[in-house]
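Here are my comments on the model, set out as numbered points for you to check against the coordinates.

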Amino acid sequence: MSVEHPIVTVTGSSGAGTSFVKRAVEKIFDRENLNVAIVEGDSYHKYNRAEMKEKVAESKANGGPVLTHFSEKANEFAELEALFKEYKESATGKRRYYIHSDEEAAEHNARLGTNFSSGEFTPWEPIPEGTDVLFYEGLHGMVKRKDHGPEEGMHDVAQYVDLGIGVAPSINIEWMQKIYRDTSERPYSVQQVRDVILERMPDYIETIVPQFHRTHINFHRVPLIDTSDPFSTMSPDAPMGPAPEDSLIICHVRHQDIDLEAIKAQIPDAFLQNDETLVCNGKYMVDAMDLMMTPIIQNLIAKKRAALAAMGQ
């Protein structure tokens with residue numbers, strides 16, 4: 001009996017709320033007492049912040065499509081696929097970190113004895129031995145794209161994923177959340193965020209959206225209040241989106257380990273729109289995530305441990 005080491009991914013656009021779902025999944029990992037190899041999607045960008053700025057300016061000067069972080073041309077899809085393949089087979093691989101802030105720089109420099117700045121990558125490091133599961137959160141956890149570079153080929157990251165979770169809120173909520181995050185936590189103005197949203201739209205359609213038909217669960221947040229113009233205030237004080245109770249969560253499921261009827265009975269006022277879709281108020285989003293993801297993760301770990309036991313490990 002071979003051992004397949006499980007891989008869980010949370011995938012969504014910038015501003016979709018993947019970090020929120022990541023925290024919910026990590027709580028499950030902690031409750032199950034699992035040793036997790038965490039991989040951040042930004043660490044598989046091809047360029048650091050300064051290099052990316054130059055490449056974007058170059059793409060604009062050449063009159064071609066604007067280079068964006070959504071594109072395969074700005075990411076290391078081959079390396080991400082290789083990591084997933086290696087981890088699946090042997091629970092080994094390498095990872096690095098993209099440093100978003102001065103605080104993160106200080107943390108990594110203290111850990112590594114280095115002098116990196118915000119916007120740079122840490123060196124590649126081996127994933128610690130003995131992890132139970134690899135957990136990826138970022139833009140491309142279920143990507144499958146043809147490489148149009150010098151060595152053309154198909155990069156199929158999704159084939160190695162055991163549980164793929166998609167986060168795809170209503171587009172206006174996504175934009176509101178991105179504006180709030182990038183102006184409050186990162187050094188961008190509202191106008192800069194708006195420009196980036198427009199520049200990324202072709203790559204959003206080509207690269208991000210197709211991943212959601214490969215996921216096993218999609219969480220789609222829909223507003224119950226007016227979000228018709230997410231840019232209406234054009235101010236850093238713009239809200240990050242509707243409060244949880246002012247939205248619905250559409251949970252679309254394609255996984256045999258999930259009993260939606262049983263979950264519906266545990267969430268107040270939830271209902272099934274069809275056999276694969278549960279709808280609940282946004283304030284119960286964490287509960288819905290927990291009830292759906294916990295049995296899948298438990299079964300993945302149980303299968304892995306049974307295989308190891310059969311091999312006498």
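1. Leaving aside its neighbours within four places in sequence, which residues is Thr227 in contact with? In this predicted model, Thr227 is in contact with Asn172, Met176 and Pro242 once those neighbours are set aside. Thr227 is placed in the loop between β9 (217-223) and β10 (247-253), and its relative accessibility is 9%, so that it counts as buried, the cut-off being under 20%. From Thr227 to Lys46 the separation is 181 residues in sequence and 34 Å in space, C-alpha to C-alpha.

2. Two of the residues that Thr227 contacts, Asn172 and Met176, are listed among the buried residues of α5. Helix α5 (residues 171-184) is made up of 14 residues, and the distance from its first C-alpha to its last is 20 Å, close to the 20 Å expected at 1.5 Å a residue. This helix is mostly covered, with 11 of its 14 residues buried, and the buried set includes charged or polar names such as Glu174, Gln177, Lys178, Arg181 and Asp182 alongside Ile173, Trp175 and Ile179. The partners against which the buried residues of α5 pack are α6 (190-208) and β9.

3. Asp182, in helix α5, deserves a separate look. Its relative accessible area is 4%, and Asp182 is therefore buried. Residues up to four places away in sequence not being counted, Asp182 touches Pro187, Tyr188 and Val193. Between the C-alpha atoms of Asp182 and Ala310, which are 128 residues apart along the chain, the separation is 49 Å.

4. Strand β9 contains Asn218, which counts as buried because its relative accessibility is 11%, against a cut-off of under 20%. What does the side chain of Asn218 reach at 2.8 Å? The partner is the backbone oxygen of Phe212, and the side chain of Asn218 is also joined to that of Thr215 by a polar contact of 2.6 Å. With neighbours within four places in sequence left aside, Asn218 is in contact with Gly166, Phe212, Ile250, Cys251, His252 and Arg254.

5. The largest nonpolar core has 36 residues, and those with the most contacts inside it are Val25, Ile165, Ile217, Phe219, Met292 and Ile297. Helix α8 (residues 285-310) supplies the largest share of this core, 9 residues. For Met292, the contacts beyond four places in sequence are Ile217, Phe219, Cys251, Val253, Ile258, Leu260, Ile263 and Leu278. A second, separate core of 19 residues includes Ile7, Ala37, Phe77 and Ala91. In soluble globular proteins, nonpolar side chains tend to be buried together.

6. Helix α3 (residues 77-90) has 14 residues, which at 1.5 Å a residue should span 20 Å, and the distance of 20 Å between its end C-alpha atoms agrees with this. Its buried residues are Phe77, Leu80, Glu81, Leu83, Phe84, Tyr87 and Lys88. These residues lie on the same side of α3, because the arc that they cover around the axis is only 155 degrees. Just after α3, Ala91 takes a positive phi of about 60 degrees.

7. On the overall division of the protein chain, the domain assignment gives domain 1 (7-39 + 131-312) and domain 2 (95-126). The C-alpha centres of domain 1 and domain 2 are 26 Å apart.

Key
Residues are numbered from 1 along each chain as its sequence is written. This is a predicted model: local features need pLDDT of at least 70, side-chain atom pairs count only at pLDDT 80 or more; totals for chains, interfaces and linings use all residues. Side-chain values use heavy atoms; hydrogens and water are left out. Domain bounds come from an automatic or database domain assignment. Helices (H or I, at least four residues) and strands (E, at least two) are DSSP runs, numbered from the N terminus. Buried means under 20% relative accessible area, exposed over 50%, partly exposed in between (1.4 Å probe, protein chains only). Contact means heavy atoms within 4.5 Å. The expected span of a helix is 1.5 Å times one less than its number of residues. The arc is that of the directions from the helix axis to the C-beta atoms. A nonpolar core is a set of buried Ala, Val, Leu, Ile, Met, Phe, Trp, Tyr and Cys residues joined through side-chain atoms within 4.5 Å. A polar contact is a pair of N or O atoms within 3.5 Å; within protein, one must be able to donate a hydrogen and the other to accept it, and residues adjacent in sequence count only if both atoms are side-chain atoms.
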